[in-house]
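Here are a few short exercises to work through with the model open beside you. Try each one before reading its solution.

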Amino acid sequence: MTDRSAQLHSLSIDRDEPEARSGISLITMLSLLVGAIIATAALMWFFVTPPAPAPAAAPVTTAITTTTTPSPAAPAAPAPRTSGLVASGYVVARRQATISAEITGRIRDVLVEEGTRVEVGQVLARLDDTRALIQLDLLQSQLNAASARIRSLDAQLAEARLVATRAADLAARNIGPQANVSATQAQVDSLTAQLAAARSDRAAAAVMLVSQQDLIERHIVRAPFAGIVIAKNAQVGEILSPASAGGGFTRTGVATLVDMDSLEIEVDVNEGQIGRVTPGQRVEARLDAYPDWRIPAHVEAIIPTADRARATIQVRVAFDERDDRILPDMAARVIFVE
């Protein structure tokens, strides 16, 4: 037990012993450690950082004087420049029409759709012409009857003239009475008048027949000019009338036709700037749908009147080239070129 107590006593810490020795040793060790870290960092910075580049020498410029012989070619013309005048407007068609019939009737056939290209005189639609054909047959029969009556009167007149001639011969020889001469001559005159009336009736019947044929032709709606159908305004079974009847099923037109060769731009120019615009002046047109496409054009006409409310004057701009991408009612911007 005594040895064990001695061993435990040797392991205990004496709180009364001065801490000077252990404190001095710890400070020394920390100082050495900090110094080593600083030295290591200095060595790494020295070896890793590249040396600064030497200042470059100023370049030496040598002036060389050369003599250029002027070219005999004519100087190039200055490129056209824009006048700075810009106007906005829309693409419009000079020839655009809503095609209709001249008579009122029920639509039997519609032969076009939107986007159809048509030629002059092409059939667009047909109206029901059943009653018109019946009337045509009646007029044809009346004409035939008038012709037959004329032939009958011709034969009667020829016979009456023979009778009148014989009566005149008998009266001249004092064989027949003079009254027979007067009666036969009156018969000839009556038949002559009837024949003239029959011929007039036949002429009238012929005119009425031609008129009815024209009426039947008006049941067919044709294109008045070449173009493209941009709207189909009626359907089969609807009533077509050149004048609106106020009903929901009455149409005033079959289709809307546009002549694409007549497209142009209408723009409004401020009154104060109209002096910078002249007929025939070059114009650069741009469509909002194709902003990078520069279309050559020119001033077609300046409308000789002003809009009092907006203080503008309308200018018509014609395209120098045609393209299928140019469509009616497109927004456009034009730049006038000097």
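The exercises below concern a predicted model.

**Exercise 1.** Work out the strand order of the open sheet of 5 strands, and find its edge strands.

*Solution.* Start with the order, which reads β6-β5-β3-β8-β9. The pairing along this sheet is mixed. Next, look for strands that pair on one side only: these are β6 (220-222) and β9 (250-251), the edge strands.

**Exercise 2.** Determine in which sense β3 and β8 pair, and over how many bridges.

*Solution.* Locate β3 at residues 105-110 and β8 at residues 239-240. The two strands run antiparallel to each other, with 2 bridges between them. For a point to check on screen, find G105: L240 in β8 stands opposite.

**Exercise 3.** Identify the residues of the largest nonpolar core that touch the most other members, then see which strands supply the core.

*Solution.* This core holds 29 residues, and those touching the most other members are I265, V267, V269 and F336. Now turn to the strands: β1, β11, β12, β13, β14 and β15 each contribute at least two residues. A second core, separate from this one, has 19 residues, including I99, V110, V229 and L240.

**Exercise 4.** Decide whether T256 is buried or exposed, and list its contacts beyond four places in sequence.

*Solution.* First place T256 in strand β10, residues 255-258. Its relative accessible area is 10%. Buried means under 20%, so T256 is buried. Finally, setting aside neighbours within four places in sequence, T256 contacts Q96, A97, T98, I228, V229, I230, A231 and N233.

Note on methods. Residues are numbered from 1 along each chain as its sequence is written. This is a predicted model: local features need pLDDT of at least 70, side-chain atom pairs count only at pLDDT 80 or more; totals for chains, interfaces and linings use all residues. Side-chain values use heavy atoms; hydrogens and water are left out. Two strands pair if DSSP finds at least two bridges between them. Helices (H or I, at least four residues) and strands (E, at least two) are DSSP runs, numbered from the N terminus. A nonpolar core is a set of buried Ala, Val, Leu, Ile, Met, Phe, Trp, Tyr and Cys residues joined through side-chain atoms within 4.5 Å. Buried means under 20% relative accessible area, exposed over 50%, partly exposed in between (1.4 Å probe, protein chains only). Contact means heavy atoms within 4.5 Å.
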